[in-house]
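Open the model in your viewer and keep the sequence panel beside it. The stops below say what to select and what to look for there.

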Amino acid sequence: MTTENSSEQSLKRAYGYPYPAPGHDYLFRVGRVEMLPENADLGNRQPVIAVGSNRAPEQLERKFGAESDGAIPVTWAWMHGYDVVYCAHLAGYGSVPATLHGSPGTEVRVAVTWLTEAQLERMHETESVGASYVYGTFDLDAIDLGAGRPALRAGCYITKRGALVLDGEPVALAEIEARNRRFKSLPQAAKLALLHGRFGDHPEEAAWILSLLGDVNAPRRAHLAERLSETTAAFDDPRFRLILG
């Protein structure tokens, strides 16, 4: 792959977050999307809320594609009193990732991955629990997992840096469906353009994003996160029980 093509792919990944996902329940199996059987056995699995890219097959393939037993049921659910908003940092692949934030009266549609113990450990690794995110579970009344599904406390990853506040309040992801949304929403491309306009140190937006990618540019992303940390809103919710991080 040429450098030009590599840059195009990197930018596509940065701008594409949270990535396309089937609008119906599905089974992810080693890179393939299959229909989830109506009688799928979800027992002995932990439901984990996917507020951002973990809803998408292409992201699950990046995280679990090499796993020999990669079957992961993914269902859809509504959360009550929350919205999906932007974090106050950039991911290593250039996107502004998502987190949950309280929003009274709002209902937001989220995916739920049903993970085995081994899959949950792998997901913790990919979410940098302790460094970037904390992991905990929600009370049963916070989310409607669906009729006939195990009544379990659903897990979730919450950013440690807080929700990014611009112009006085968090900003929701326009790509995520919600009812009675009270926060302003922006798509990923508009959010990156906004950050570039306010914090970019290169005149060209694409070049700025490329200069923030990968491990080698982690210090640059950390510096940006420090600047973003000046305007954040912490997650504080009595229905959330911290477990790790």
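How are H2 and H3 oriented to each other: roughly parallel, roughly antiparallel, roughly perpendicular or oblique? Before selecting them, note that this is a predicted model, in which local features need pLDDT of at least 70 and side-chain atom pairs count only at pLDDT 80 or more, while totals for chains, interfaces and linings use all residues. Residues are numbered from 1 along each chain as its sequence is written, and side-chain values use heavy atoms, with hydrogens and water left out.

**Stop 1: H2 and H3**

Select residues 57-64 for helix H2 and residues 117-126 for helix H3. Helices here are DSSP runs of H or I with at least four residues, strands are runs of E with at least two, and both are numbered from the N terminus. The two helices pack at an angle of about 100°, and their axes are 10 Å apart. Axes are lines fitted to C-alpha atoms, for helices over the stretch in contact, and angles run from 0 to 180 degrees between N-to-C directions. H2 and H3 are therefore roughly perpendicular to each other. Angles under 35 degrees count as roughly parallel, over 145 as roughly antiparallel, 65 to 115 as roughly perpendicular, and the rest as oblique. Show side chains for Leu60, Arg62, Lys63 and Phe64 of H2, which make the contact with Gln119, Arg122, Met123 and Thr126 of H3. Contact means heavy atoms within 4.5 Å.

**Stop 2: H4 and H6**

Next select helix H4, residues 188-199. Its 12 residues should span 16 Å at 1.5 Å a residue (1.5 Å times one less than the number of residues), and the end C-alpha atoms are 16 Å apart, which agrees. Colour Gln188, Lys191, Leu192, Leu195, His196 and Phe199, which are buried in H4. They cover an arc of only 135° around the axis, so they are on the same side of H4; the arc is that of the directions from the helix axis to the C-beta atoms. Buried means under 20% relative accessible area, exposed over 50%, and partly exposed in between (1.4 Å probe, protein chains only).

Add helix H6, residues 218-228, which packs against H4 at an angle of about 85° with the axes 12 Å apart. This pair is therefore roughly perpendicular. Leu195, Arg198 and Phe199 in H4 meet Leu224, Arg227 and Leu228 in H6.

**Stop 3: Cys87 and Cys156**

Why is Cys87 in no bond with Cys156? The sulfur of Cys156 is the closest cysteine sulfur to that of Cys87, but at 10 Å it is too far for a bond. With a disulfide taken as a pair of cysteine sulfur atoms within 2.5 Å, the count is 0. Cys87 is buried at 0% relative accessibility, and Cys156 is buried with a relative accessible area of 0%.

**Stop 4: backbone details in loops**

Most residues other than glycine have a negative phi, and most peptide bonds are trans. Go to Pro18, in the loop between helix H1 (3-16) and strand E1 (26-29). The peptide bond from Tyr17 to Pro18 is cis, with omega near 10°.

Then move to Val30, in the loop between E1 and strand E2 (32-35). Val30 is not a glycine, yet its phi is positive, about 45°. It is partly exposed, at 35% relative accessibility.

Finish at Asn44, in the loop between E2 and strand E3 (46-50). Asn44 has a positive phi of about 65° and is exposed, with a relative accessible area of 81%.
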